[in-house]
Amino acid sequence: MSTLFNTTVVVAAAALIAPASAAPQADLPARLAGHVRQIASSEHNTGSPAALEKAALYLEATLAAQGYAVRRDEYTYDGHRVRNLEVSIANIAPGKQPERIYIVGAHYDSAPGTPGANDNGSGSAAVIELARMFKGVVPAPGNELRFVLFVNEEPPYFGGEGMGSRHHARALKARGQHVEAALILETIGYYSNAKNSQRYPPGVAAFYPDQGNFIAFVGTLGSSSLVRKTVSAFRKASSFPAESLAAPSFVKGVTWSDHTSYNKEGYEAVMITDTATMRYPHYHRSTDTPDKLDYASMAKVVDGMAKVIQAMVQDR
């Protein structure tokens with residue numbers, strides 16, 4: 001069933017907190033762990049609507065407490081009323097449209113049968129903390145930074161018109177807005193130094209390490225320049241291991257997240273991931289619980305991404 005209608009609702013922000021910066025935070029691992037427990041301790045999707053609503057309300061309340069006005073991007077699909085959540089920081093002249101939009105996003109729903117701590121409580125927690133770190137950071141003139149939490153990434157919506165990111169990307173294109181980059185955080189919480197802990201699509205393994213202790217920047221050939229730019233910036237900003245892959249869309253895993261929704265509208269986008277099923281033994285299982293994640297490594301990834309994003313949005 002196609003989308004029936006959509007609206008945008010603004011949730012009033014709480015009292016403004018003191019301006020923060022995109023600097024490393026000593027309590028970041030604990031903060032990330034707390035968010036994952038709140039978002040992803042039980043299955044939450046349109047098959048369990050009360051739990052999905054609970055996760056959405058937690059995300060809204062947390063962002064509002066950071067001083068943001070949260071935009072509810074609501075739509076109906078297959079009889080379910082669902083919503084993306086969005087906050088933004090902009091440096092735009094009154095009455096003007098942004099010249100460049102930078103999106104930092106993650107989906108907050110879980111796959112059927114799993115609480116989804118890594119997939120994708122980890123990415124959602126990262127978006128919340130990045131939004132907190134950037135409150136008070138001023139982009140370059142004409143730039144807008146949007147933090148977006150998507151609904152309906154998982155089956156039965158994956159790859160179809162009901163995805164929250166598909167709804168979001170189509171709307172941007174319809175308004176003629178320019179997305180300079182979409183950075184999608186997808187399963188970023190699991191790492192291993194064990195030999196042969198990392199698997200790859202056919203024909204790829206010879207070029208990469210066999211230890212699953214790195215973060216990966218992944219995109220299609222159409223986003224190869226953004227893949228190169230982001231991994232290069234991350235390596236300059238962080239000592240945490242990072243690898244990258246820009247490959248044809250038929251390569252296994254390259255299109256497996258919300259970044260593909262932006263590609264379909266002609267925007268460059270990259271997925272930042274621990275490679276999910278190619279490393280994580282609990283992928284899409286009932287055992288994908290908050291205790292399985294490596295929050296110290298996850299915090300290093302978030303710290304590195306904060307520096308990458310800051311360099312992007314403060315560039316004219």
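Which side chain does the side chain of T46 join through a polar contact of 2.7 Å? The partner is the side chain of Y157. This contact belongs to a predicted model, and the paragraphs below lead from the overall form of the protein to its core, to one helix, and finally to several local details.

The protein contains seven helices and nine strands. Its radius of gyration is 18 Å, close to the 20 Å that the globule rule gives for 316 residues, so the protein is as compact as a globular protein of that length. The C-alpha trace spans about 55 × 45 × 40 Å along the principal axes. Of the 316 residues, 57% count as buried. Contacts also reach far along the chain: among those between residues at least 6 apart in sequence, 79% join residues at least 24 apart.

The interior may be considered next. In soluble globular proteins, nonpolar side chains tend to be buried together. Here the largest nonpolar core has 68 residues, and the members that touch the most other members are L130, F134, F147, L185, I215, F217 and M305. Helix α7 supplies the largest share of this core, with eleven residues. A second, separate core has twelve residues, including I103, A169, V179 and Y262. Within the largest core, L130 offers a view of how distant parts of the sequence meet. Apart from neighbours within four places in sequence, L130 is in contact with V104, F147, L185, V302, M305, A306 and I309. Two of these partners, F147 and L185, are themselves among the residues that touch the most other members of the core.

Helix α5 shows how a single element is placed against its surroundings. The helix covers residues 224-237, and its 14 residues reach 20 Å from the first C-alpha to the last, close to the 20 Å expected at 1.5 Å a residue. Its buried residues are S224, L226, V227, T230, V231 and F234. These residues lie on the same side of α5, because they cover an arc of only 160° around the axis. A general property of helices helps in reading this pattern: an α-helix has 3.6 residues a turn, so residues three or four places apart point the same way. The face turned away from the buried side carries the exposed residues R228 and K236. What covers the buried residues of α5 includes the strands β6 (179-186), β7 (215-220), β8 (242-247) and β9 (269-273), together with helix α7 (295-313).

One of the residues that connects this helix with a strand is V218, found in β7. Its relative accessible area is 9%, and V218 is therefore buried, since the cut-off is under 20%. Beyond its neighbours within four places in sequence, V218 is in contact with V227, L245, V254, H259, V270, M271 and T273. Among these, V227 is one of the buried residues of α5. V218 and I103, by comparison, are 115 residues apart in sequence and 16 Å apart in space, C-alpha to C-alpha.

The residue of the opening question, T46, has its place in the loop between α1 (28-39) and α2 (49-65). Although T46 lies in a loop, it is buried, with a relative accessible area of 13%. Not counting residues up to four places away in sequence, T46 touches L52, H80, V82, N152 and Y157. Y157 is thus both a neighbour of T46 and its partner in the polar contact of 2.7 Å.

Some details of the backbone remain. Most residues other than glycine have a negative phi, and most peptide bonds are trans. Against that background, four places in the model deserve notice. A cis peptide bond, with omega of about 10°, joins D119 and N120, and N120 lies in helix α3 (residues 117-134). The peptide bond from P155 to P156 is also cis, with omega near 10°; P156 lies in the loop between β5 (143-150) and α4 (164-174). T187 is not a glycine, yet has a positive phi of about 50°. T187 lies in the loop between β6 and β7 and counts as buried, at 1% relative accessibility. A276, likewise a residue other than glycine, has a positive phi near 55°. A276 is located in the loop between β9 and α7 and is buried, with a relative accessible area of 10%.

Definitions and conventions:
Residues are numbered from 1 along each chain as its sequence is written. This is a predicted model: local features need pLDDT of at least 70, side-chain atom pairs count only at pLDDT 80 or more; totals for chains, interfaces and linings use all residues. Side-chain values use heavy atoms; hydrogens and water are left out. Helices (H or I, at least four residues) and strands (E, at least two) are DSSP runs, numbered from the N terminus. The expected span of a helix is 1.5 Å times one less than its number of residues. Buried means under 20% relative accessible area, exposed over 50%, partly exposed in between (1.4 Å probe, protein chains only). The arc is that of the directions from the helix axis to the C-beta atoms. Contact means heavy atoms within 4.5 Å. A nonpolar core is a set of buried Ala, Val, Leu, Ile, Met, Phe, Trp, Tyr and Cys residues joined through side-chain atoms within 4.5 Å. A polar contact is a pair of N or O atoms within 3.5 Å; within protein, one must be able to donate a hydrogen and the other to accept it, and residues adjacent in sequence count only if both atoms are side-chain atoms. The radius of gyration is taken over C-alpha atoms; the globule rule is 2.2 Å times the number of residues to the power 0.38.
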